[in-house]
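Please open the model in your viewer and set it to a ribbon view, with side chains ready to be switched on. The tour below moves from one selection to the next and says what to look for at each stop.

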Amino acid sequence: MVLRILLFDTDGERAHALEERLSEPGYAQVFRAEAGNLAQAVEQSKPDLIIIDMSLPDRDALEDIRQVAAARPIVMFAGTDDPAFAQEAIAAGVCSYNLSGVALADVKPIMASAIALFQRYRHVETELAAAKALLDERRQIERAKAILMKDRQMTEPEAYRWLQKKAMNESRKLVVIVAEFVAAHEAGQRGAKP
């Protein structure tokens, strides 16, 4: 698969050399971005990877990075060794922060590791979101059972079976039935208060 790379570099000569190195047949298609138009360039080129090389990175650049970092891995090369800025860049979504002047031969491994880190991070985010959703579903089910146990004097297994049967009878997911049941109960509680 040919990588689509968006290259943003403040040094035209360096950008040209990197573009030539990466544009080897079958490896990558390189697009260049102009200063201040990172989000627009990302929208137009739809890259698999973004490379940003700046002699003097600034906080405005980090804001641009935040806007596009959620969907694509970003490799940053900076002209200064500033640990505080490196931390801010990583927090903004940069997958790999490096000093400018890296040998061209080292750029591909840096890119590969940034892509791998990004994919791993996305996988962990997806798993975390699924775990949170499952936990929320469990909490809702426990809440619904508690309501049934209190209002209808059911045991916990009876309450759970009641919810399952309602879901089966209506051919809907248990989580949907539970959410509606809890919402209706809470709306009724608010309406009953003077």
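What follows is a tour of a predicted model, taking in three helix contacts and then a pocket.

**First stop: H1 and H5**

Begin by selecting helix H1, residues 12–22, together with helix H5, residues 104–151. These two helices pack at an angle of about 65°, with their axes 10 Å apart. Because angles of 65 to 115 degrees count as roughly perpendicular, H1 and H5 are described as roughly perpendicular to each other, and their crossing is right-handed. Now show the side chains of Ala17, Leu18, Arg21 and Leu22 in H1, which meet Leu104, Ala105, Val107, Lys108 and Met111 in H5. By class, the residues of this contact divide into 7 nonpolar, no polar and 2 charged.

**Second stop: H5 and H6**

Keep H5 selected and add helix H6, residues 156–169, whose axis comes within 9 Å of the H5 axis and crosses that axis at roughly 115°. The two helices are therefore roughly perpendicular to each other, and the crossing of H5 and H6 is right-handed. On the H5 side, colour Arg138, Ile141, Glu142, Ala144, Lys145, Leu148 and Met149, and on the H6 side colour Glu156, Ala159, Tyr160, Trp162 and Leu163, which they meet. The contact of H5 with H6 has 8 nonpolar, no polar and 4 charged residues.

**Third stop: H3 and H4**

Next, hide the earlier selections and display helix H3, residues 59–68, with helix H4, residues 83–92. Their axes come within 9 Å and cross at roughly 20°, which makes H3 roughly parallel to H4. The crossing of H3 and H4 is right-handed. To see the contact itself, turn on Arg59, Leu62, Ile65 and Arg66 in H3, which meet Phe85, Glu88, Ala89 and Ala92 in H4. Sorted by class, the contact of H3 with H4 has 5 nonpolar, no polar and 3 charged residues.

**Last stop: the largest pocket**

Which residues line the largest pocket? Select Ala69, Ala70, Ile90, Gly93, Val94, Cys95, Leu117, Phe118, Tyr121, Arg122 and Glu125, and you have its lining on screen. The volume of the largest pocket is about 220 Å³. Bring H5 back into view here, since you have already seen this helix in contact with H1 and with H6; H5 gives the most to the lining of the largest pocket, with 5 residues. Taken by class, the lining has 8 nonpolar, 1 polar and 2 charged residues, and colouring the selection by those classes is a suitable view on which to end the tour.

Terms used:
Residues are numbered from 1 along each chain as its sequence is written. This is a predicted model: local features need pLDDT of at least 70, side-chain atom pairs count only at pLDDT 80 or more; totals for chains, interfaces and linings use all residues. Side-chain values use heavy atoms; hydrogens and water are left out. On a 1 Å grid over the protein atoms alone, a cavity is a set of points where a 1.4 Å probe fits but cannot get out, and a pocket is an open set with protein on both sides within 12 Å along at least five of seven lines; lining residues have an atom within 4 Å of a point. Grid points are joined across faces, edges and corners, and a volume is the space filled by probe spheres set on the points. Helices (H or I, at least four residues) and strands (E, at least two) are DSSP runs, numbered from the N terminus. Ala, Val, Leu, Ile, Met, Phe, Trp, Tyr, Cys and Pro count as nonpolar, Asp, Glu, Lys and Arg as charged, and the others, Gly among them, as polar. Axes are lines fitted to C-alpha atoms, for helices over the stretch in contact, and angles run from 0 to 180 degrees between N-to-C directions. Angles under 35 degrees count as roughly parallel, over 145 as roughly antiparallel, 65 to 115 as roughly perpendicular and the rest as oblique. A crossing is left-handed if the near helix is turned anticlockwise from the far one by less than a right angle, and right-handed if clockwise. Contact means heavy atoms within 4.5 Å.
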